[in-house]
Amino acid sequence: MTETDGESTYKLLVGGKLVGQFTNPKTSIDYKPTPKTWKNISVSKGATVRVEFNTATNSNKTSGRIPYARGRWIALTLVPPGAKKAKDRARDIISSDSTTRIFEETGGLVAVEAEHFALQTETETRKWYITSAAQTPEITPDGDESHADSASGGAYIEILPDTRRNHSMKLIHGENFSNQPGKLAILVYPVHFNTPGRYYVWVRAYSTGSEDNGIHVGLDGTWPDSGQRLQWCEAKNSWRWESMQRTEAEHCGEPYKIYLDIEQPGLHTIEFSMREDVFEFDKWLMTKDRDFIRPEGAGPS
Ligand SMILES: [Ca+2]
Ligand SMILES: [Ca+2]
Ligand SMILES: [Ca+2]
C-alpha cells in the first residue's frame, strides 16, 4: 500500500534468497493497494517464504516529529504456472481443437455424456479410457468387465489401470488413490452457462467393488470443498445416479453437499479428477434444483 509520508521498500525472499524487490511510488493517496507481480519464481517444498519491509520518510524536517511510512502491506498471493482466468482457460481449450463440443445450460440444467470430454490432463499415472460396444481398452489390470450395453449413449469412460480392487490391496497415494482433487486424470468439459447460481452435481457411475466408487468435481481449474469426494455405496453392479459427499461422519456420503457455484454467466470449464482407480463414469449433470429426483435410467438428454 502506498503511503504519503514515505516510499517503503519490500523484499521477497524464498529459502533465504532474494527473488524480488519493490519500492513504492510517490503518491498523494494514502493506503492505495499497489500490487507487484514477480514471475517465474520457484518455491521448493518446505522452503520458507519471507517478506521484508522497511520504514521510510520523504520529509525534509530536521527536528520535531518526522512523519514516516511503516511499510504496510496486505497480502502475498502464490499463483501456479499456467493459471488463467476461467474464460481464457475455456477459450484456449475450444480454440485448440475445432471439433470440441461446447455444452449449454438452459433452464438451470445441463447434462453431458462423460465420454464427450474435451480433453484430459495429468495422465502419466492414471488415464480415462472409453469403452463402447466397438471399443474396449487394452489396459490391464482391469478388475471388471464392460458395461457398455447399459451405458447412456452406448459408451462410458473408466480410469485404468486398476491396482486396488479391494480394501486389503495396498493403497498408494497419488497412484491408485487420491483424496486430494486435481492431481490425477483430470477431465475437462467446456460449458456455457446462461443462468448463474448454485448447481448440484450428479454423476452416473457403475461400481463393482469397494475401491472404485469415488471421484472429485471442480470448476475452472479450481477444486472447491463442495466438489470433493463424490461417493457411491448403494446399488452395486448397476448404473446409479448419485450426488453424495463422503464425510468423516458418513462414509457413504451426505446429500446436498456436492455443488458448484456459477457466479458469472458465460463460458466455464467443469472438471473431474480421480479419487479411486477403475471408476466407471457414464454421464453427469448439473441442476439448480436442490431436490432433483434421482433418474432411474440414462437421465435428461
Ligand atoms: Ca472395467
Ligand atoms: Ca480401484
Ligand atoms: Ca455415456
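## Calcium ion (ligand 1)

Along the chain, the residues that donate to the calcium ion (ligand 1) follow the spacing D-x1-D-x13-E. In this predicted model, the coordinating atoms come from Asp142, with two OD atoms, from Asp144, with its O and an OD atom, and from Glu158, with two OE atoms, at 2.2 to 2.8 Å. Asp144 lies in the loop between strand S7 (127–132) and strand S8 (155–160), whereas Glu158 belongs to strand S8, so this pair ties together parts that are 14 residues apart in sequence. Asp144 and Glu158 are both buried.

The angles among the six donor atoms of the calcium ion (ligand 1) run from 53 to 156°, and the site is irregular. For six octahedral donors the ideal angles would be 90 or 180 degrees.

## Calcium ion (ligand 3)

The calcium ion (ligand 3) has protein donors that lie 2.2 to 2.6 Å from it, namely Glu113 (OE), Glu115 (OE), Glu115 (OE), Ser152 (O), Ala155 (O), Asp282 (O) and Asp282 (OD). The spacing of these donor residues in sequence is E-x1-E-x36-S-x2-A-x126-D. Within this set, Glu115 and Ala155 link distant parts of the chain, 40 residues apart, with Glu115 in the loop between strand S5 (109–113) and strand S6 (119–121) and Ala155 in strand S8. Both members of this pair, Glu115 and Ala155, are buried. Strand S8 thus appears in the description of either site, since it holds Glu158 as well as Ala155.

## A three-stranded sheet

Three strands form an open sheet in the order S2-S1-S3, and their pairing is antiparallel. Strand S2 (17–23) and strand S3 (49–53) are the edge strands, each of them pairing on one side only. On average, and with direction ignored, neighbouring strands of this sheet are turned by 20° against each other.

Strand S1 (residues 9–14) runs antiparallel to S2 and is joined to it by six bridges. Within this pairing, Lys11 has Gln21 in S2 as its bridge partner.

## Helix H1 and its buried face

In helix H1 (residues 86–95), the buried residues are Ala90, Ile93 and Ile94. Viewed down the axis of H1, these buried residues fall within an arc of 100°, and they therefore line one face of the helix. An α-helix has 3.6 residues a turn, so residues three or four places apart point the same way.

The buried residues of H1 pack against three strands, which are S6, strand S9 (186–193) and strand S17 (266–274). Of these, S6 (119–121) also bounds the loop that carries Glu115, one of the donors of the calcium ion (ligand 3).

Key: Residues numbered from 1 in each chain as written. Chains lettered and ligands numbered in written order. Predicted model: local features only at pLDDT ≥ 70, side-chain atom pairs only at ≥ 80, totals over all residues. Heavy atoms only, no water. Donors = N, O, S within 2.8 Å, 3.2 Å for Na, K, Ca; no water. Tetrahedral: all angles 85-135°; square planar, octahedral: opposite > 155°, others 65-115°. Helix = DSSP H or I, 4+ residues; strand = E, 2+ residues; numbered from the N terminus. Buried < 20%, exposed > 50% of the residue type's maximum accessible area, 1.4 Å probe, protein only. Pairing = 2+ DSSP bridges. Axes fitted to C-alpha atoms, helices over the stretch in contact; angles between N-to-C directions. Arc of directions from axis to C-beta. Contact = heavy atoms within 4.5 Å.
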